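User: I have just opened this one and would like some help finding my way around. Could we go through it together?

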Amino acid sequence: MPHAVSAVPEPPATPSVGRVYNFSAGPAAMPESVLGQLREEMFDLFGTGIGLLEQSHRGAAYDRLLAEAFQAVDACSGLGDEWATLFLPGGSMQQFSLMAMNFVPKDGWVAFADTGLWAHKGEHETSCVRRVRKAFDGTACRYDHVPADGEISDCSGAAYLSYCSNNTVEGTQFARPPRVAAPLFCDATSDIFSREYDLAAHDLVFASGQKNLGASGITMVLVRRSLLERADRSLPPMLSYAHFARTESRPNTPPTFGVRVIGLMAKWIADHGGPAAFGPRNRAKAAHIYASIDRSGGFYRPSMRADCRSDMSISFQLPSDALVDRFVAESEREGLCGLRGHREWGGIRACVYNAFPAKGCELLATFMDEFARRNG
Ligand code: PMP
């Protein structure tokens, strides 16, 4: 008898009746099974007779919830005991000043890879508290690619290099972490746990919740414990990563709902094969849309170089703003929603994170072919 292979379940390819394909950049589409579980837990968590939002963060149910979240995140990250997982209130943007205050001496500096709008904003946030130096200036090429190692200027002496693994607005993505002569800090907000990626090459990785991790207003930080030991001890505790690590991310009342959502999202990812299984799935999903772009004869105009295309956020321009408006209106009528590009970038953007159902990418590609034929 052949061995029974325990097959990894595939995520549902379509949404259930009454729901649409949501291409929003974030808050973004979530797995329906997670939404269903949250609906139940909202009323009664773990059979306690107390709902998720009503649980004390010092009670046994929250202890269990937190342990489950840490465990699920560990299963996805594959990082061991040398790393701490933190759940912080607030978004990714807060991390830029916090990282600098925690880990950069007053006379130190941060190297920045300016690869897109969010990296650029992060650089500004950092510059409010410490000196920054651009190690790569993507404005010169209108953010059309992410740098190869050789394009990043010498970072030796920097407290760290800050870079963004997936540029959500422009639609570019690093294939692997850059190799530089400085500790590496990564904003992985829009592609955390979406593929096999060498997290251990970093000293710190962060992602806010509203994409692959669920709810907005919370940020997960993965950080080396050895780094925490060297952090500035004079900071107010509520701004100190080490303090959050010591207190299991509950120095005060934590964002309990967001922590539960991250825990369930990470468990959903792990149950469906983990980041390694999502990589090929996400690649295949995005390929449908890129194929339509490529066969449109220049009607759809991606601004990124083909070798840097993101599997998470697919961004392209149309010949006119009027056509963008028409594209958005007509696609919505087909149940393909949330496709308007970022307000500072324009065009169309399809975000297809882990939980985005695969069929939606095929349907979008078919819609795009048809739209280009009629309007090209
Ligand atoms: N970094 C990246 C890569 C993002 O995509 C975003 C939000 N879209 C942010 C940072 C900002 O995240 P937040 O709104 O959680 O501060």
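User: How many salt bridges are there between domain 1 and domain 2?

Analyst: In this predicted model, the count between domain 1 and domain 2 comes to 1 salt bridge. The side chains involved are those of glutamate 344 and lysine 121, which meet at 3.5 Å from N to O.

User: And which elements of domain 1 supply the side that touches domain 2?

Analyst: Helix H4 (117-127), strand S6 (166-167), strand S7 (172-173) and helix H7 (256-271) each supply at least two residues of that side. Sorted by kind, the residues on the side of domain 1 that touches domain 2 are 11 nonpolar, 10 polar and 8 charged.

User: What about polar contacts, how many residue pairs does the rule find across that interface?

Analyst: For polar contact, the rule finds 14 residue pairs across the interface of domain 1 and domain 2, counting pairs in which both residues are at pLDDT 80 or more.

User: Where are the two domains in the sequence, and how far apart are their centres?

Analyst: Domain 1 covers 37-271 and domain 2 covers 274-375, and their C-alpha centres lie 27 Å apart. The contact draws on 29 residues from domain 1 and 24 residues from domain 2. Between them the two domains bury about 2,200 Å², with 57% of that area on carbon and sulfur atoms.

User: Stepping back, what are the dimensions of the whole protein?

Analyst: Along its principal axes the C-alpha trace spans about 60 × 55 × 50 Å. The radius of gyration is 21 Å, which agrees with the value near 21 Å that a compact globule of 376 residues would have. The protein contains 10 helices and 13 strands.

User: Back to salt bridges, what is the count for the protein, and which one ties together parts 271 residues apart in sequence?

Analyst: The count comes to 23 salt bridges by this rule. One of them joins the side chains of glutamate 10 and arginine 281, at 3.0 Å from N to O. Glutamate 10 lies in the segment before strand S1 (21-22), whereas arginine 281 lies in helix H8 (residues 274-294), so the pair ties together parts that are 271 residues apart in sequence.

User: Okay, new topic: what about the backbone, where is there a cis peptide bond?

Analyst: A cis peptide bond joins glycine 26 and proline 27, with omega at about -5°, and proline 27 lies in the loop between S1 and helix H1 (32-43). Most peptide bonds are trans, and most residues other than glycine have a negative phi. Arginine 142, although not a glycine, has a positive phi of about 50°, and arginine 142 is found in the loop between strand S4 (131-137) and strand S5 (160-164).

Note on methods: Residues are numbered from 1 along each chain as its sequence is written. This is a predicted model: local features need pLDDT of at least 70, side-chain atom pairs count only at pLDDT 80 or more; totals for chains, interfaces and linings use all residues. Side-chain values use heavy atoms; hydrogens and water are left out. Domain bounds come from an automatic or database domain assignment. Contact means heavy atoms within 4.5 Å. Buried area is the accessible area (1.4 Å probe) that two parts lose on being put together, summed over both. A salt bridge is a side-chain nitrogen of Lys or Arg within 4 Å of a carboxyl oxygen of Asp or Glu. A polar contact is a pair of N or O atoms within 3.5 Å; within protein, one must be able to donate a hydrogen and the other to accept it, and residues adjacent in sequence count only if both atoms are side-chain atoms. Helices (H or I, at least four residues) and strands (E, at least two) are DSSP runs, numbered from the N terminus. Ala, Val, Leu, Ile, Met, Phe, Trp, Tyr, Cys and Pro count as nonpolar, Asp, Glu, Lys and Arg as charged, and the others, Gly among them, as polar. The radius of gyration is taken over C-alpha atoms; the globule rule is 2.2 Å times the number of residues to the power 0.38.
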